2 protein chains.
Amino acid sequence: MARKIGRRGGNIVTIHDVARHVGVSPMTVSRVINGEKNVREETRAKVMASVEELRYSPNLAARSLATQDSARIGLLYSNPSVAFLSEFLLGILSESSQSGAQLLIESCEGPEGATVALEKMKAAGCDGVILSPPLSDSSRVAKILKEMNLPFVGVAMARPDPTVSCVTIDDLKAASAMTRRLIELGHTRIGFIKGHPNAYASQIRYEGFEAAMKKAGLEIDQSFVGQGYFTYRSGFDAAERLLSHKTRPTAIFASNDDMAAGAVAAAHRLGLEVPDQVTVVGFDDTAMASSVWPELTTVRQPISDMAGLSVRLLLDQIKAHRSGRSFEAVREVRDFSLIERQSSANVAGPDYAPAKRASDS
Amino acid sequence: MARKIGRRGGNIVTIHDVARHVGVSPMTVSRVINGEKNVREETRAKVMASVEELRYSPNLAARSLATQDSARIGLLYSNPSVAFLSEFLLGILSESSQSGAQLLIESCEGPEGATVALEKMKAAGCDGVILSPPLSDSSRVAKILKEMNLPFVGVAMARPDPTVSCVTIDDLKAASAMTRRLIELGHTRIGFIKGHPNAYASQIRYEGFEAAMKKAGLEIDQSFVGQGYFTYRSGFDAAERLLSHKTRPTAIFASNDDMAAGAVAAAHRLGLEVPDQVTVVGFDDTAMASSVWPELTTVRQPISDMAGLSVRLLLDQIKAHRSGRSFEAVREVRDFSLIERQSSANVAGPDYAPAKRASDS
DNA sequence: CTGAAAGCGCTTACAG
DNA sequence: CTGAAAGCGCTTACAG
């Protein structure tokens, strides 16, 4: 097994070792590794085999030095849910470390704060910016970035904008799907807790709920609709109100998991069993959803993957920007999924609930 | 402002630009940046100024390629609290991306699972391993690693072991300090929810509680001590039992935040106000603590920093290991702090609570 | 205290 | 379809 002793004495398998082992040039190995065409199938197979055998794995530092695609990217956030944010960050960090991008993280309050933060990023030499929701939907922030001539990508944008690259799910469909599921379970008096009014997704999710209710011929009792702010506390308060009506909803759909967790707590406080007496469902599938009890049925949004993909998109965009090429904005729509856990049940009670349709993985 | 047009057209300030700007060699700039001695103070100042002016910032990829200290490190975890884990991961990821280390993440159940996971890591070419709690306290896992001749560092080790490098806090002191604080607030009937029995920290935290109670001349009512498993649900169940006694505790100290959040929910369920009728405090200061309502008073353990530091320690250790140097195990003890939020109050009620001593930052 | 040379592991651009 | 040369930005090891 070919090994090389580096200056520091480490022993690492390099592309040269593989090349020698196979009897080709390092260039060919590089081609195979990067999945380029123009390599004979036979050569490719031999190289692959050798890579396996020698346990070769490319040195990321060398690669990013050679490709010159190391970039500095900024992450601008302002999000009330820590759970959401940490999952988001996880995706960004793991992707940017893989692609050798340097990261600069700034938070901001409101669009004024955004201006300050973005100027700081520009000054620090950022080549592009990732926007977390609800910033990704802010046309003001987008305008600032365009004026600064900085590439950027929005994550979880709810308002389609053909001029801005983004990674998102279809919030409207997702909210509709969850609502339909509740209706399937026999619920007709369904409450809804809206998200923060400054987030466009809040509006879209409510519209999805509305649409599904309408389609099923169900009426929305406005006293069953509460305003929340994406925080646990706001979900608690809103749910407490909704559940205090003489005729109360049999299910509550909260626009995120933090609020759903708060709603469960409010139900418990009022002596109501979840899901036996009230079904509560959330949105996002953050750590919060599986940290509370009962664990929350929710809409899974692959936050971490979406964030990771946004880094790759931004890097492409930066490359194009650097070389003066024009760049077409792309809108990547990821699939959501319904995750059924213990906080939801048939209106007749959990014993009557049909088989689970999806599971936590 | 000196700029260089790379092959790909990007424009980046390099060490050469700074050197030219100051009129020294790149070598000297490198020395200044790395804080080496053997540079005249005057030269150093000029270089620094130029670095500022040109906004130079070193290319991490080039550095880690040149220093050859890129390593592959494995992270082995098994932790029931998602909140804990994600903060832990954040620290690991951000540090390993800064130091250009490649990361391999594996989870495992029990020591048998550990063997499999560690062999996988070894096969994948890992140069060292980070252990999250409670694995960091497992002497079996330590033994396997030693037999494999793989450097490793434990995070949040509760059981001191002079042969193993680790980053930790003093769990005993921390639990005592929180207990003292509860006593200061006038509580005498204090309940305690233990952590998972497989975690050594569970035991130590309980000992800290015991010690402080004893010192204050207070008795521990064993019916006020519940067994938990670090999950929300277990905290909920345990608290429900503790609070159902005829004379109930006026404060509950849970061994982590997830359980404390569950305890708050249980109190609410029983119609008890927090903190008016029961004070509930946690441990760790994870996202959970500030995501629920009331927000939790807790012991802050700088998980993310500790995890980051563990990566640096491991990297040093790997370097030593590679060059055949011997390596002394180090035990880095970080400071904990008491974070007082809304879930705790004077036994006479929140209106009598003294001024806050610490705040969330 | 300072610098010239060589090299880290990979890829680009070019030539065949 | 394949390869030889040069270079990415930095640091090590050596010489002065």
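## A parallel sheet in chain A

Let's start with the sheet: in this predicted model, six strands of chain A form an open sheet in the order β4-β3-β5-β6-β7-β13, with parallel pairing. Strands here are DSSP runs of E with at least two residues, helices are runs of H or I with at least four, and both are numbered from the N terminus. Two strands count as paired if DSSP finds at least two bridges between them. β4 (102–107) and β13 (331–334) of chain A each have a single partner strand, so they stand at the edges with one side lacking a neighbour in the sheet. On average, neighbouring strands are turned by 15° against each other, direction ignored.

At the β13 edge, 4 bridges link β13(A) to the parallel strand β7 (residues 165–169) of chain A. There, A:V167 stands opposite A:E332 of β13(A). Helix α5 (residues 82–98) of chain A lies across β3 (72–77), β4, β5 (128–131) and β6 (152–155), and runs at about 175° to β3(A). Contact means heavy atoms within 4.5 Å; axes are lines fitted to C-alpha atoms, for helices over the stretch in contact, with angles from 0 to 180 degrees between N-to-C directions.

## Domains of chain A

An automatic or database assignment splits chain A into domain 1 (4–58), domain 2 (71–170 + 303–335) and domain 3 (171–301 + 338–352). Between the C-alpha centres of domain 1 and domain 3 of chain A there are 54 Å.

## Around DNA strand D

Now to the DNA. Which residues come nearest to DNA strand D? Of the 28 around it (a heavy atom within 4 Å), they are A:T28, A:R31, B:I15, B:S30 and B:Y56. Sugar and phosphate make up 68% of the strand D atoms that come within 4 Å of the protein. By class, this surface has 12 nonpolar residues (Ala, Val, Leu, Ile, Met, Phe, Trp, Tyr, Cys, Pro), 6 charged (Asp, Glu, Lys, Arg) and 10 polar (the others, Gly among them).

Polar contacts to the DNA are pairs of N or O atoms within 3.5 Å. A polar side-chain atom of A:R31 lies 2.4 Å from a base oxygen of DNA strand D. Phosphate oxygens of DNA strand D lie 2.7 Å from a side-chain N or O atom of A:T43 and 3.0 Å from one of B:N34. The elements giving two or more residues to this surface are α2 (26–33) and α4 (60–67) in both chain A and chain B; α4(B) gives the largest share, 4 residues.

## Conventions

Residues are numbered from 1 along each chain as written, with chains lettered from A and ligands numbered from 1 in written order. Local features need pLDDT of at least 70 and side-chain atom pairs 80 or more, while totals for chains, interfaces and linings use all residues, and side-chain values use heavy atoms, without hydrogens and water.

Note on methods: Polar contact = N/O pair within 3.5 Å; in protein donor to acceptor, adjacent residues only side chain to side chain.
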